[in-house]
Amino acid sequence: MEKENNILVNAVNREVPRFVNGLKVIPYKGVNKHKPEGYKHAPRIPTCVDFPSDGNKQVSNLKDALIKSGLKDGMTISTHHHFRNGDLIANQVFKIASEFGIKDLIWFPSASFECHSELIKYLDNGTIHHIEGSLNGTLGRYVSQGKMKGLGVLRSHGGRYQAVQDGEVKIDIAVIAAPTADAFGNANGVNGPSACGLLGFALADSQYSNKVIVVTDHLIPFPCLPWQIQGNYVDFVVEVDKIGIPEKILSGTTAITKSPDRLFLAKLTAQFCDQVGIIKNGFSFQAGAGGTSLAVGYYFAEIMKRKGIKARFARGGSNKFLVDMLNKGLVEFILDGQTFDLNGVDSMRKNPNHVDTSPFTSYNFHGKGNFAQLVDVVVLGATEVDVNFNGNVVTHSDGLLLHGLGGWQNCLFSKCTILPIPLFRDRIPVIKDQVTTICGPGELIDVIITERGIAINPLRTDLIEQTKGLGLPIKTIYELKEEAERICGVPQKPKFQDEVVAVIKWVDGTVIDVVKKIIE
């Protein structure tokens, strides 16, 4: 529905702009309602004539590689986040660009972390025009305050691959930090002193970018095996002293919770899955990166040991708990999109049943199926949910943009999606009449588990029937909301200006919601 010249109302009744950073966008139409047309994007055709016949693509330093790649105003520069809060390369790229006086770059990371807050000075001086990627912590607050020149664009992991594949985002220069590489450009993340596990988030960047730079601190003779990034896509190779800090892969959201309340949530979630028959021989599961979700895996393992069964596969991010399940034979395969600790890195290196995947195989919605649809149960977190089961993961109840989407949206397409969340945080109810920001439509969220009861989406009549007589604390979503408000009261809603500072893309590239400038 059209409201004003530049404003449309989408299928979840949210007002979204017609144009984002000068480009026309499509408003969200509903689950499975939008189908793309046309052909995949492709970079320019290269030729071996332009590359060294001896295969040696090494250049002296990152500055030289950026110059040779034709760095200029307005380009789109991509990086990956497999080092999470230990990345050392993205900041260097924009430092070099700033020194050259380059302006209006678009940073297209697969995710950002607090280590990237240094880039604010390059947003302030005009080196970076805007960011299309997750906006966490300090960067998110900066955007919420309306300080970024362009609009932020948040996409899921699968949505990012989709955007590159479809030509929605055209990467001019991809800078891929690689723990091990050869001079031809073959690279992997499992070996070397800075090993981070895999490089799947950089796959689309390598395949579709106009220029590709591999930066490594462990250059080895050809061939670098396994080659998670193929050198045939790579233009330049740079050796540096250090590309990342592997120990910082483990961040606060990837450590198992120690909270008794959160552990209770995890245990109740596992109990629910067991009693409704989800945990059975040969099932599959995925848990998110939050502390509660990680604890669910631990309780899954206890149930599986007691029943003498095993899972066919688990979807990662991997961590020491999932690796332990693999080593003990409770899981046959880990299909891993990113390693959340060094135990996962080591396992991927050594165990052939610990397999690296990418957003293409796992999450890309504009493909001929993906792995997310094959998972029996996925356990995720959320900052808010509402009475229609819509979920929010990017903003808090204060309205500030503080998180990215990750693979959260993509995982909603599993056979059963469960959100174990506290009924309130800091005495602020988590269940709302309406979420601040819709990141996922309620029809795809099946179960909400709190410490004071379990709400099943009315659309899941099968689960409602299965839980009858089991003694589980089943309540309606309205009963849970009212209970939270009796305890905490009804909080004031955040106040926003009319100015849009970021948009939330759905898995198919349509715009599902916006983030507005906060009034603090």
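Biologist: Why is Arg-452 called partly exposed?

Modeller: In this predicted model, Arg-452 has a relative accessible area of 36%. Buried means under 20% and exposed means over 50%, so Arg-452 falls in between and counts as partly exposed.

Biologist: And Glu-483, is that residue buried or exposed, and how do you know?

Modeller: Glu-483 has a relative accessible area of 13%. The cut-off for buried is under 20%, so Glu-483 is buried.

Biologist: What makes the meeting of Arg-452 and Glu-483 a salt bridge?

Modeller: Their side chains come together at 3.4 Å, N to O. The limit is 4 Å between a side-chain nitrogen of Lys or Arg and a carboxyl oxygen of Asp or Glu, so this pair qualifies. Arg-452 sits in the loop between β27 (447-450) and β28 (453-456), while Glu-483 belongs to helix α14 (residues 477-488), so the pair ties together parts that are 31 residues apart in sequence.

Biologist: Why do such side chains pair at all?

Modeller: Side chains of opposite charge can pair when their charged atoms come close.

Biologist: How many salt bridges does the structure hold?

Modeller: There are 24 salt bridges. One of them joins the side chains of Asp-274 and Lys-307, at 2.8 Å from N to O. That pair links distant parts of the chain, with Asp-274 in helix α7 (residues 260-275) and Lys-307 in helix α8 (residues 291-307), 33 residues apart.

Biologist: What makes Asp-274 buried, and why does Lys-307 count as partly exposed?

Modeller: Asp-274 has a relative accessible area of 18%, and the cut-off is under 20%, so Asp-274 is buried. Lys-307 has 38% relative accessibility, which lies between the two cut-offs of 20% and 50%, so Lys-307 is partly exposed.

Biologist: Which residues are linked in a network of salt bridges?

Modeller: Glu-132, Arg-155, Glu-168 and Lys-505 are linked in that way.

Biologist: Let's turn to the sheet. In what order do the strands of the open sheet β22-β21-β26 stand, and why are β22 and β26 at its edges?

Modeller: The three strands follow the order β22-β21-β26, with mixed pairing. β22 (391-392) and β26 (431-432) each have a single partner strand, so one side of each is left without a neighbour in the sheet.

Biologist: How do you know that β21 and β26 pair?

Modeller: Two bridges join strand β21 (residues 384-386) to β26, and the strands run parallel. Pairing needs at least two bridges, so these strands pair. Asp-386 stands opposite Lys-432 in β26.

Biologist: Which residues touch the most other members of the largest nonpolar core?

Modeller: That core has 103 residues, and Leu-66, Leu-71, Ile-77, Phe-94, Val-175 and Ile-213 touch the most other members. Strand β11 (residues 173-178) gives the most to this core, with six residues. Another core, of 37 residues, lies apart from it, and its members include Ala-295 and Ile-334.

Biologist: Last one: where is Asn-56 found, and why is Asn-56 called partly exposed?

Modeller: Asn-56 is in the loop between β5 (23-24) and β6 (58-59). Its relative accessibility is 36%, and partly exposed lies between 20% and 50%, so the name fits. A polar atom of the Asn-56 side chain lies 3.0 Å from the backbone nitrogen of Gln-58.

Technical notes. Residues numbered from 1 in each chain as written. Predicted model: local features only at pLDDT ≥ 70, side-chain atom pairs only at ≥ 80, totals over all residues. Heavy atoms only, no water. Helix = DSSP H or I, 4+ residues; strand = E, 2+ residues; numbered from the N terminus. Core = buried A, V, L, I, M, F, W, Y, C linked by side-chain atoms within 4.5 Å. Buried < 20%, exposed > 50% of the residue type's maximum accessible area, 1.4 Å probe, protein only. Polar contact = N/O pair within 3.5 Å; in protein donor to acceptor, adjacent residues only side chain to side chain.
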